[in-house]
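The following exercises concern the structure shown below. Each sets a task and then works through a solution step by step.

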Amino acid sequence: MEKILTKKALPQWLIKLNAYQIYAPVKKENHWSYEALDKPESIRLDHLNTIQSPKMIIFPQREVFFEFHNAEGNTLVMKEPASESSATVIFGVRPCDAAGVTHQDKVFDGHFKDLYYWKRRNQTILVGLACNTPPSPHCFCLSVGGSPHSTAGFDILMTELEDSYYVESFSKKGDTLISLAGDIFSTPKENDKKDKEKAHSDSEKKLKRHIKDLETVPPKLKDMFDSPLWEEESLSCIQCGICTYLCPTCHCFDINDEKDSSSPLSGKRVRTWDNCQFPDFTMHSSGHNPRPDRASRLRQRIMHKFNYFVTNYKAYQCTGCGRCIDKCPVGIDIIEVLEKVRDYGK
Amino acid sequence: MVALEDLKQEAKNVLEGGTVKYIIGYKKPAVGFMAVPAFFHKPEDLDALVWDPTCVHNLVLFLKDEKKKKLGQKEPDERPVGIVVKGCDSRAVNVLLQENYIDRENVYILGVSCGKTGMVDLKKVRKYFKGKIISQIDFNENESFTVTTTEGKVEVPAADIFAVRCTECITASPVIHDVLLGGDSVRTPENPFGSLEEMESKSQGQKWDFWQEQLTKCIRCYACRSICPMCYCDECVVDTINFAVYPDTPAEEKAQKIKWVEKSPTTSENFIYHMVRAIHLAGRCVDCAECERACPMDIPLRFLNKKLEKESKKLFDYDVGYDTEIPSLISSFRDEDPEDFIR
Amino acid sequence: MTEEFEPKIVAFLCKWCSSAGSDLAGVSRMEYPSNVIPIQVLCSGSVSPLYILSAFNKGADGVLVSGCHPGDCHYIKGNYYSRRRIALLKELLNFIGLEPERFKMSWVSAAEGTKYTEVIKEFVDELKPLGAQTKLRRNG
Ligand code: SF4
Ligand code: SF4
Ligand code: SF4
Ligand code: FES
């Protein structure tokens, strides 16, 4: 379905969607972040890259699986928390972040379906916004199989035109969202379509960063496990969790029991994100750590994204959002590292 | 003002002559204008060395890695490491010396003075130059910076884009060094703790609302901890596993490890983490404000440390990072320490 | 009818003085509120700020640290170190908006059973109007 929505009418559309929980980018002092939108008229879609991608909504950093307590007669009672998730629409999602969702879908699907993930994911509708100008100076989606107007993962993609949005729906859920406010949309004219296509092709030219010949990297990585490159490139890495926690594709997690009381026993089983850049991520209880240093952890990050994931899922586990580059406190730049890999030994 | 050529020459001299094993300094990034930490092993690499108002990092942090690496080597190279150090950073060196974490012979300090200004704050720069592409920021002799954008060069008053901590800095040149470039820069800021006043004047409720909002944002990436030159403990209460675990540590001991803080980034757990961090840095934090700069979530962490710096001064007349011979704040006391709060 | 709020106090009591002081109050059958969960420590100097934060995290409405009078510490200097550390923690907790009344320190010797009961009575009286401590308490 393809429609035109005037910019002025956007809040009206949101008002009609009041049965849904709506998230949208909100401007803060120095940054943008996705937040539950309570006033439809406050919506703004001129956002730069949000610090966190919508991963934080679909795969939240903390999630309670169940609560437990020891009841009379020493029986353990377990209870799932009341379901908090309702149908959710995330507005203004950038194509790289939607691609991130499709990568997570691959991981949480397959042999072991992650019920907790899919409960949320199935109720989530992604309404995207094509990037007419790159929202980050480090965007490089074109190099990793995406584009500033990619439709992957979207139910709806909007493209900003002069005073309207070109709205394309790719799913039933998307069609429903449009039909809920059918009268405020109009049918696109031939020149709207042309404008949209022009915006799309122009946007590709505005990207500042690229990696040439990235396809040569995965096969090369297979022989680089013991390369000294990892040590050289990781010298300044402080092993914080920024690059991985903020990445829209990183999905590692940990499960812990959080005890509220020991006697009588009560607490919660909780899933939280975990992070391959933390020294304790691979720490064994024996005290042995198979990834003992920065070099091995940077290697893991690159190997997972550009070697193992490619083998397993036929895609890079990177969507070119540029967050890890922009936010790394010591300026480690994944594009530079990949270029070094590509040119290694040449 | 430091002449970059002089700095390069000094660095080359000690690297070429073999006085130091390598030099920790700054270089330009592949893209953008904010300098990044760099490790120079060969004299010819030093052509890439830079010194400008974007050299925000406190490189003293990397002495932790150096120490840990050395501990793991059978026959370590005992020569010192060369390191480029600003005024605030130099006090971090002093704290590490005071705590006997490093020895004076371990470091060769290339001190650089910030002169009349200091370091820029990237957030302020971005706001000031909305969307413009910046290629370079330079020091000037006066209290301003020269910013080069695609549209040319402009002179910007330092006050508009430099870090708050630099406006409250007293010693903008290194207090310990082997060579000093750019001369002394001792300042007398009108109010060295001025940035705290607004917060202090709030009611308890307002303060709580502020911190609750701020610390709830924390994603516990621990960048604030990892970037801090003072956070060198092998074992941290927030980690899920105890690093003081050895192959012969008995299972009971491992099982009994107390979980002081949960991994969940909830308000209560984030508060424990940040309160512990702040307390642990009392009398040690040199206000390089790296934690705040590194934080991806825009949390004003510097306030917490600055508050304790202020109280250490007020209550115990303690200055951080000037004297390596005195005992540290927490491992000392005076008979006249205040006790009016004690019943 | 609403029941009166009874604050829960976690008290870190030095084994050599305050803990003995509280025992004395007990055996002398002095009356004082039963709001205290006492935790005996070897010296007030051994109380890490983490213990205090953890007590608040686990639901304490107020926390008391009590040690020997200056000059009387069994380990000579423990209470002086503690005094410094606690002063800093107090300022910090005040700065983030916790009510300053919720966190107290006292000197109570083994002979001061009466003083111990007074400290507790006063503390309870100050805590009652504040209600439950929810700021630092574990949530979610
Ligand atoms: S690896 Fe970096 S650029 Fe790629 S998707 Fe993750 S955060 Fe974005
Ligand atoms: S690469 Fe940068 S963001 Fe990632 S762990 Fe290292 S220092 Fe942190
Ligand atoms: S750097 Fe920021 S987000 Fe990361 S742990 Fe520290 S305060 Fe939290
Ligand atoms: S022994 Fe009582 S305070 Fe030290």
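**Exercise 1. Determine how much area chain A and chain B bury between them, and which residues of chain A lose the most.**

Solution. The coordinates are those of a predicted model.

Step 1. About 3400 Å² is buried between chain A and chain B, and carbon and sulfur atoms give 58% of this area.

Step 2. On the chain A side, the residues that lose the most area to chain B are Ile238(A), Asp280(A) and Met283(A), which together account for 15% of what that side buries.

Step 3. Counted as contacts, with heavy atoms within 4.5 Å, the interface involves 44 residues of chain A and 42 residues of chain B.

**Exercise 2. Carry out the analogous analysis for chain C and chain B.**

Solution.

Step 1. Between them, chain C and chain B bury about 3900 Å², with 68% of that area on carbon and sulfur atoms.

Step 2. Three residues, Arg84(C), Leu88(C) and Phe95(C), supply 23% of the area that chain C buries against chain B, more than any other three residues.

Step 3. The contacts link 40 residues of chain C with 42 residues of chain B.

**Exercise 3. Describe the secondary structure and overall dimensions of chain B, and decide whether its radius of gyration fits or departs from the globule rule.**

Solution.

Step 1. Chain B contains 13 helices and 8 strands.

Step 2. For 343 residues the globule rule gives 20 Å; the radius of gyration of chain B is 21 Å, close to that value, so chain B is as compact as a globular protein of that length.

Step 3. The C-alpha trace of chain B spans about 60 × 55 × 45 Å along its principal axes.

Step 4. Of the 343 residues in chain B, 57% are buried, the criterion being a relative accessible area under 20%.

Step 5. Taking contacts in chain B between residues at least 6 apart in sequence, one finds that 68% join residues at least 24 apart.

Step 6. The exposed area of chain B is about 14500 Å², and carbon and sulfur atoms supply 51% of it.

Step 7. Chain B carries 46 positive and 56 negative charges, whose mean positions are 5 Å apart.

**Exercise 4. Repeat the description for chain A, and then locate Ala181(A) within the chain.**

Solution.

Step 1. Chain A has 12 helices and 12 strands.

Step 2. The radius of gyration of chain A is 22 Å, which agrees with the value near 20 Å for a compact globule of 346 residues.

Step 3. Along the principal axes, the C-alpha trace of chain A extends over about 70 × 65 × 40 Å.

Step 4. Buried residues amount to 56% of the 346 in chain A. Of the contacts in this chain with a separation of 6 or more, 73% are between residues 24 or more positions apart.

Step 5. Chain A exposes about 15300 Å², of which carbon and sulfur atoms supply 52%. The mean positions of its 47 positive and 47 negative charges are 1 Å apart.

Step 6. Ala181(A) lies in the loop between helix 5 (172-179) and strand 10 (185-186) of chain A.

Step 7. The relative accessible area of Ala181(A) is 1%, so this residue is buried.

Step 8. With neighbours within four places in sequence left aside, Ala181(A) is in contact with Trp13(A) and Lys16(A).

Step 9. Between Ala181(A) and Asp260(A) the C-alpha distance is 47 Å, and the two residues are 79 apart in sequence.

**Exercise 5. State the order of the secondary-structure elements of chain C, and characterise the chain as a whole.**

Solution.

Step 1. Chain C comprises 4 helices and 4 strands. Read from the N terminus, its elements follow the order β-α-β-α-β-α-β-α.

Step 2. A compact globule of 140 residues would have a radius of gyration near 14 Å, and the 15 Å of chain C agrees with this.

Step 3. The C-alpha atoms of chain C fill a box of roughly 45 × 35 × 20 Å along the principal axes.

Step 4. Of its 140 residues, 57% count as buried. Contacts in chain C with a separation of 6 or more involve residues 24 or more positions apart in 82% of cases.

Step 5. Chain C exposes about 5800 Å², with 53% supplied by carbon and sulfur atoms.

Step 6. The 17 positive and 15 negative side chains of chain C form two sets whose centres lie 9 Å apart.

Definitions and conventions
Residues are numbered from 1 along each chain as its sequence is written. Chains are lettered from A and ligands numbered from 1 in the order in which they are written. This is a predicted model: local features need pLDDT of at least 70, side-chain atom pairs count only at pLDDT 80 or more; totals for chains, interfaces and linings use all residues. Side-chain values use heavy atoms; hydrogens and water are left out. Helices (H or I, at least four residues) and strands (E, at least two) are DSSP runs, numbered from the N terminus. The radius of gyration is taken over C-alpha atoms; the globule rule is 2.2 Å times the number of residues to the power 0.38. Buried means under 20% relative accessible area, exposed over 50%, partly exposed in between (1.4 Å probe, protein chains only). Accessible areas come from the Shrake-Rupley method with a 1.4 Å probe; for residues, only the protein chains shown count as cover. Lys and Arg count as positive and Asp and Glu as negative; His and the chain ends are not counted. The place of a charge is taken as NZ of Lys, CZ of Arg, CG of Asp or CD of Glu. Buried area is the accessible area (1.4 Å probe) that two parts lose on being put together, summed over both.
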